Amino acid sequence: MAQILNPTPENLDRLAAALAAGEIVAIPTETVYGLAGNALNPKAIRQIYEAKERPARNPLIVHIGDKQQLGAIAMDIPDEADRLIETWWPGPLTLILRKMPHVPTSVTAGLDSVAVRMPSHPVFRDLARRCSFPLAAPSANPFGYVSPTRASHVAQHMANRIDWILDGGPCERGLESTILSLVDPGKPILLRTGSISHSELEATLGKKIEAPNLNEAEHGEGLSSPGLMKRHYSPGTPVRLFEYSTPQANGNAVVVFLSKNSCTAENHFSLSESGNLSEVAQNLYDLLQHLDQRGFDIIFLELPPPSGLGNAIRDRMTRAASN
Ligand code: TXA
Ligand code: MG
């Protein structure tokens, strides 16, 4: 049974020691909770895949606490990466770069590229400072389910599969990081949208970035990012999307609006008081997990407008509704 620990200095020391010994620990980041292990220890990596029941062909993100660590994980780091790191790290941006040979192939699922990010969550940083190695971590949910944004979500779905959960409170961003491939620095590709938007990254780089194609990712085979499968982040309850008109939600259905103003019935919920999209992103997975426990037959979800953060929220909602 997993133990939930507060981020006291003693607990952080204890968990850093557990990680150094090859154990795995659920940790908070500003995006979602991750299931972390020493990225350079293949035994720890194997435990991560087992605990999540994650297919071995789906590579992990390597998390660092300090920019200096990047040189030990990736090589041939292009100027484009330096510029993005300068602007966005620490923060919810993952870069795909060429991997250093000693990064285990199990971390990268055999690819010769590696995903790296430097989270900004203060509890993550306190833990990372105590570790002399980088942390490989996928989101701390069973494969295919909604990502956890609270320690209690991890406990609910992973308690029998892991020993330790570090509680850093609710995640501030609530959506997984934006992923950008710089494997060909002349042709950057956005592999996953997130709270850092496509246009913000284009502005930093001063050039066009190719956008992701959700439909192409139907089965996750032969993709540049194998984890971009269409069905992902799904609750057990069927989800339907709506945009302009309120659906007829009869029977045992629930309707989730962006803003509280739209709520007029008992089976109406909202993702934010005012429809603020940062709040919507922050609350989306929490509300989905909550509603999933309540035995509704169907969840109707209101889509935000397709720009900026709205695109990332639409992407996750669309995945939640795919089956
Ligand atoms: O916000 C986040 O990114 C969270 C927190 C814990 O950091 N992590 C997360 O990890 O969302 P995960 O494993 O659920 O998603 C990682 C994604 C997968 O879709 C995977 O395919 C992609 O990153 N990825 C990892 N390495 C890659 C690589 N070398 N090339 C292309 N895609 C890669
Ligand atoms: Mg995930």
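A residue counts as buried here when its relative accessible area is under 20%, as exposed over 50%, and as partly exposed in between. By that rule, 57% of the 323 residues in the chain are buried. The model on screen is predicted.

**Whole chain**

Start with a cartoon of the entire chain. Nine helices and 15 strands make up its secondary structure. The radius of gyration is 19 Å, close to the 20 Å given by the globule rule for 323 residues, so the chain is as compact as a globular protein of that length. Aligned to the principal axes, a box of roughly 55 × 50 × 35 Å holds the C-alpha atoms.

If you draw a contact map, look away from the diagonal: of the contacts with a separation of 6 or more, 66% join residues 24 or more positions apart. Switch to a surface next. The accessible surface is about 13,600 Å², and carbon and sulfur atoms contribute 47% of that area. Colouring by charge brings up 29 positive and 34 negative side chains. The centres of these two sets are 3 Å apart.

**Stop 1: the N terminus**

Select Met1, in the segment before β1 (3–5). Met1 is exposed, at a relative accessible area of 76%. Which residues does Met1 touch, not counting those up to four places away in sequence? They are Ala159, Asn160, Ile162 and Asp163. Add Trp164 to the selection: its C-alpha is 8.6 Å from that of Met1, across 163 residues of sequence.

**Stop 2: Asp167**

Move to Asp167, in the loop between β9 (164–166) and β10 (178–181). With a relative accessibility of 24%, Asp167 counts as partly exposed. Apart from neighbours within four places in sequence, Asp167 is in contact with Ile4, Leu5, Asn6, Pro7, Tyr33 and Ala151. For a distance label, pick Gln282, 115 residues away along the chain; the C-alpha atoms of Asp167 and Gln282 are separated by 17 Å.

**Stop 3: His121**

Select His121, which sits in the loop between β7 (113–117) and α5 (122–129). Is His121 buried or exposed? Its relative accessibility is 9%, so His121 counts as buried. The contacts of His121, leaving out neighbours within four places in sequence, are Pro28, Thr29, Glu30 and Gly168. Ile27 is 94 residues from His121 along the chain, and their C-alpha atoms are separated by 10.0 Å.

**Stop 4: Asp286**

Go on to helix α8 (residues 277–292) and select Asp286. This aspartate, Asp286, is partly exposed, with a relative accessible area of 23%. Beyond its neighbours within four places in sequence, Asp286 contacts Thr149, Arg150 and His153. Ala265 is 21 residues away from Asp286 along the chain, with a C-alpha separation of 21 Å.

**Stop 5: an aromatic pair**

Show the side chains of Phe242 and Phe257. A pair of aromatic rings is described by the distance of the centres and the angle of the planes. The chain has one aromatic pair by the ring-centre rule. What is the geometry of the rings of Phe242 and Phe257? Their centres are 5.7 Å apart and their planes stand at 85 degrees, so the pair is edge-to-face; the cut-off for that class is over 60 degrees. The pair links distant parts of the chain, 15 residues apart: Phe242 belongs to strand β12 (residues 239–242) and Phe257 to strand β13 (residues 253–259). Both Phe242 and Phe257 are buried.

**Stop 6: backbone details**

Three backbone items remain. Select Trp89 and Pro90, which are joined by a cis peptide bond with omega at about -5 degrees. Pro90 lies in the loop between α3 (79–88) and β6 (93–99).

Next, select Glu53, in the loop between α2 (42–52) and β4 (61–63). Glu53 is not a glycine, yet its phi is positive, at about 55 degrees. Its relative accessible area is 57%, so Glu53 is exposed.

Finish at Asp76, in the loop between β5 (74–75) and α3. Asp76 is not a glycine either, and has a positive phi of about 50 degrees. At 52% relative accessibility, Asp76 counts as exposed.

Notes: Residues numbered from 1 in each chain as written. Chains lettered and ligands numbered in written order. Predicted model: local features only at pLDDT ≥ 70, side-chain atom pairs only at ≥ 80, totals over all residues. Heavy atoms only, no water. Helix = DSSP H or I, 4+ residues; strand = E, 2+ residues; numbered from the N terminus. Rg over C-alpha atoms; globule rule 2.2 N^0.38 Å. Buried < 20%, exposed > 50% of the residue type's maximum accessible area, 1.4 Å probe, protein only. Contact = heavy atoms within 4.5 Å. Areas by Shrake-Rupley, 256 points an atom, 1.4 Å probe, with all protein chains shown as cover. Lys, Arg positive; Asp, Glu negative; His and termini not counted. Charge placed at Lys NZ, Arg CZ, Asp CG, Glu CD. Phe/Tyr/Trp six-rings, centres within 6.5 Å; stacked < 30°, edge-to-face > 60°.
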